[in-house]
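These are my notebook entries on a single model, written while I had the sequence and the coordinates open side by side.

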Amino acid sequence: QVQLVESGGGSVKSGGSLRLSCAASGFRYSTYLMGWFRQAPGREREGVAAIDTWRLTNYADSVKGRFTISRGNAKNTSYLQMNSLKPDDTAIYYCAAGPGVIQGNYGDDFNPGRYDFWGQGTQVTVSS
């Protein structure tokens, strides 16, 4: 049974940091592309960060320099370190997994259709 379980969300003030975790099970984690997406109220889901088995990464322009994605294949866990948080970062953050590798462009790497498995999400709230 495939599972992606996010944790680490919460409420912080602008400028603060959070570290999200995504624990995976039920599939061959080490070979999968892992992504983080987010969805704010009234807005469409957007890709935030992705990392492949070779640890190549891609980020949305809005988070470059502030967020860092990483993965621990031994623990089947992905992480999203979020620094310098802004109120606009407020959203539900979802972990996702799919086959393939980083292509190097936003449209391919953050196409939701590439991702087979999704977590339930964790809320991140940033206050000013």
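**Surface patch**

I began at the surface, where W54, L56 and V101 make a nonpolar patch of about 340 Å². Patch members have over 30% relative accessible area and no salt bridge (a side-chain nitrogen of Lys or Arg within 4 Å of a carboxyl oxygen of Asp or Glu), with nonpolar side chains of Val, Leu, Ile, Met, Phe, Trp and Tyr joined within 5 Å. The areas come from the Shrake-Rupley method with a 1.4 Å probe, and for residues only the protein chains shown count as cover. The model is predicted, so I kept in mind that local features need pLDDT of at least 70 and side-chain atom pairs pLDDT 80 or more, while totals for chains, interfaces and linings use all residues. Numbering runs from 1 along each chain as its sequence is written, and side-chain values use heavy atoms, without hydrogens and water.

I then placed V101 in the loop between β9 and α1 (106-109); helices (H or I, at least four residues) and strands (E, at least two) are DSSP runs numbered from the N terminus. V101 has a relative accessible area of 31% and is therefore partly exposed, given that buried means under 20%, exposed over 50%, and partly exposed in between (1.4 Å probe, protein chains only).

**Backbone check**

I looked up two residues that have a positive phi although neither is a glycine: R55, at about 65°, and S84, at about 50°. R55 is in the loop between β5 and β6 (57-59) and is partly exposed at 44%; S84 lies in the loop between β8 and β9 and is partly exposed at 42%.

**Core**

I next turned to the largest nonpolar core, meaning buried Ala, Val, Leu, Ile, Met, Phe, Trp, Tyr and Cys residues joined through side-chain atoms within 4.5 Å. It has 29 residues, of which M34, W36, L80, M82 and Y93 touch the most other members. Elements giving two or more residues include β4 (33-39), β8 (77-82) and β9 (91-98). A second, separate core of seven residues includes A96, I102, F110 and Y115.

**R38**

Which side chains does the side chain of R38 meet in polar contacts? I found E46 at 2.6 Å and D89 at 2.9 Å, a polar contact being N or O atoms within 3.5 Å, where within protein one must be able to donate a hydrogen and the other to accept it, and residues adjacent in sequence count only if both atoms are side-chain atoms. R38 is in strand β4 and counts as buried because its relative accessibility is 5%.

Conventions: Patch = residues over 30% accessible without salt bridge, like charges linked within 9 Å, V, L, I, M, F, W, Y side chains within 5 Å.
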